[in-house]
There are 2 protein chains.
Amino acid sequence: MAQTKVTSAQVAERAGVSQSAVSRVFTPGASASPKTAAKVRKAANELGYRPNALARAVVSGKSRMIGLVVAYLENQFYPDVLEKLSNALQERGYHVLVFMASQQAGNIETVVEEILDYQVDGIIAASVAMSSDLSARCRAAGVPMVLFNRSQDDPSMSAVTSDNIAGGRKVAEFLLAGGHQKIGYIAGWEGASTQRDREAGFLQGLAQAGRALHAREVGNFRMDEARDAALRMFAQDPPDAIFVANDHMAMAVADCLRFELGLNIPQDVSLVGYDDVPAAAWPAYDLTSVRQPANRMVAQTVDILLGKIEDADTAPRKVELDGPLILRGSARVPEGWTQ
Amino acid sequence: MAQTKVTSAQVAERAGVSQSAVSRVFTPGASASPKTAAKVRKAANELGYRPNALARAVVSGKSRMIGLVVAYLENQFYPDVLEKLSNALQERGYHVLVFMASQQAGNIETVVEEILDYQVDGIIAASVAMSSDLSARCRAAGVPMVLFNRSQDDPSMSAVTSDNIAGGRKVAEFLLAGGHQKIGYIAGWEGASTQRDREAGFLQGLAQAGRALHAREVGNFRMDEARDAALRMFAQDPPDAIFVANDHMAMAVADCLRFELGLNIPQDVSLVGYDDVPAAAWPAYDLTSVRQPANRMVAQTVDILLGKIEDADTAPRKVELDGPLILRGSARVPEGWTQ
DNA sequence: CTGAAAGCGCTAACAG
DNA sequence: CTGTTAGCGCTTTCAG
């Protein structure tokens, strides 16, 4: 039966070196002679020793843990991102401590405090709003934070999003070119910058052609509410095209239109979503959608965060990555359309 | 500008008490007079003090972190479980350190070592196989582990699953009662106990009626492979019903049948899945499926794990929770069928 | 109940 | 390069 916990001191004794020698051998920026290193490694293997990451964190001030706050994993976009983030961080020697933030007011504050208790080296907040109090708290604690898929005016806050305004505009141009006359929009939660930007870009695109929205309803990024929104929108003077603020809602809308209202997509109504989640490509939905470049977004997020961790004086950055409109069958494609 | 790090010593000084008094006030099993407690709390608030969870972990030997190993989040069942697990643990004062285990051989070992480095109090392994070496390693480290949605023969290992055998049998009885003659099965990854049990139960159910499988293909729990499996299965002598080992694959199969083969579900072929993921209820799939009682599975997992953490001598448990067959439109319902 | 003191396992100067 | 010596921030005896 192996020891329950093997310490560096025990390894030192067995290797016939000092405890600090052992520490050095296992510390990245080490400086030990090949000879001692070998002795130590041997002893360590025999004993099954591995450095205690927590003790190391206490003394070094670096836990190599990143706190990830995420609100809900129902929208396929987020598990996908979580997986990618976790992998990218693991590759760079960091690990993810997950905190679910329910929508209850005040909950976020609690959650952030708890994160901070664990001495994480940085925080990634995905799709959650950070009050300026909270971000100040993190700054005071010296813990850098970057917002993922959400942006805020606060210039001190780093954020990575796709270019939601450009994306919205792209959809407008596409729908207009398709000859659609009555264009509706189903909004996400209005507190979200992504929602606001997508809508703003969309309206800009319409306005540029001297056009305006035919109808607008709010779906709050929830499937059930999106369905209700679709129902309301078709109660009178139905649109011939709808831009839905994300794919998650768009799928509910698609089902509502087809199975509840008996409409054909895209013959009766064109549908465009946002995110390009995996399910958007499933034949049952075949959803035209603006792709969020998840890989690049994740890479940028990790770069910015680790950059700040390594050098606290790095200026905050707001990154907006462009994503293409992915053409599928849910929306009529204009003749001769090229991006 | 607030202090970057406030220590208990600073709080002690300000409150005019000893550092250990501060510690006591913030330690659950404390013993401090209301008077000191008040002084300490006041000082702590003024300074914005919160105990350092890591330092606490080092000395107490309890990190209140649980390592969660998960292979992939694409199958909606897992994000759902991750969210529920994280919430349940958060409620009980624990937090989740996530480790993605890619399927690469040897990767799991690395991952488990890393988890152990962080001195987690316990490990939950979701949908990943643990070699007996690895489980021995954890036992040696004194870190309890429970398998989620996967079981192993090793009697020392705790595991929580749904009753996959009963579930498989249920599907067989249902399909048989529906008068299906040529019944196919699309298997998941054959290394998984869930796959094996679902199939075993299914075959049992057929055998009980003196029937056997009409066709069998392997989909490895992946959508692309499931589609190929469906294609192969219909290349000659098509089945009139298929049980697919999980919903994730079943959705790919449904799309393949409808959109590639031009079949109607359930008129031409009945389809039954397993898991009852949220998407199974979406009108576009409307998938009859055996529900995995995720809430109860999570609750049990947490109970068993925390039980072992609190008392290491708790005997290992294998829990199999029963889940109902959820009737939807993807499979013909036998006349007068009641569960 | 409370303070003093000892340590958890480790890293980081500091001399040699 | 190496061992010695201080701590990191905290919990936990141990006297009082």
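Copies are superposed by least squares on the C-alpha atoms of residues with pLDDT of at least 70 in both. With that in hand, here is a friendly look at this predicted model.

Let us start with the two protein copies. A turn of 180° and a shift of 0.0 Å along the axis lay chain B on chain A with an RMSD of 0.0 Å. The two copies are therefore related as by a two-fold rotation axis. Both copies use the same surface, since 100% of the contact residues of chain B recur in chain A. Within chain B, the residue that comes closest to the rotation axis is B:Leu97, whose C-alpha lies at 2.2 Å.

Next, a helix pair in chain B. The axes of α1 (residues 8-15) and α2 (residues 19-26) of chain B come within 8 Å and cross at roughly 105°. This makes α1(B) roughly perpendicular to α2(B). On the α1(B) side, B:Ser8, B:Ala9, B:Val11, B:Ala12 and B:Ala15 take part, and they meet B:Gln19, B:Ala21, B:Val22 and B:Ser23 of α2(B).

Then there is DNA strand D, which 27 residues surround. The closest are A:Ala21, A:Val59, B:Ser8, B:Ser20 and B:Ser23. At least two residues of this surface come from each of α2 (19-26), α3 (34-47) and α4 (53-60) of chain A, and likewise from each of α2 and α4 (53-60) of chain B.

Here are the two sets of residues by class:

| Set | Nonpolar | Polar | Charged |
|---|---|---|---|
| Contact of α1(B) with α2(B) | six residues | three residues | no residues |
| Surface near DNA strand D | 10 residues | 13 residues | four residues |

Conventions. Residues are numbered from 1 along each chain as its sequence is written. Chains are lettered from A and ligands numbered from 1 in the order in which they are written. This is a predicted model: local features need pLDDT of at least 70, side-chain atom pairs count only at pLDDT 80 or more; totals for chains, interfaces and linings use all residues. Axes are lines fitted to C-alpha atoms, for helices over the stretch in contact, and angles run from 0 to 180 degrees between N-to-C directions. Helices (H or I, at least four residues) and strands (E, at least two) are DSSP runs, numbered from the N terminus. Angles under 35 degrees count as roughly parallel, over 145 as roughly antiparallel, 65 to 115 as roughly perpendicular and the rest as oblique. Two residues are in contact if their C-beta atoms, placed from the backbone, lie within 7 Å. Ala, Val, Leu, Ile, Met, Phe, Trp, Tyr, Cys and Pro count as nonpolar, Asp, Glu, Lys and Arg as charged, and the others, Gly among them, as polar. A residue is near a molecule or strand if its C-beta atom, placed from the backbone, lies within 6 Å of it.
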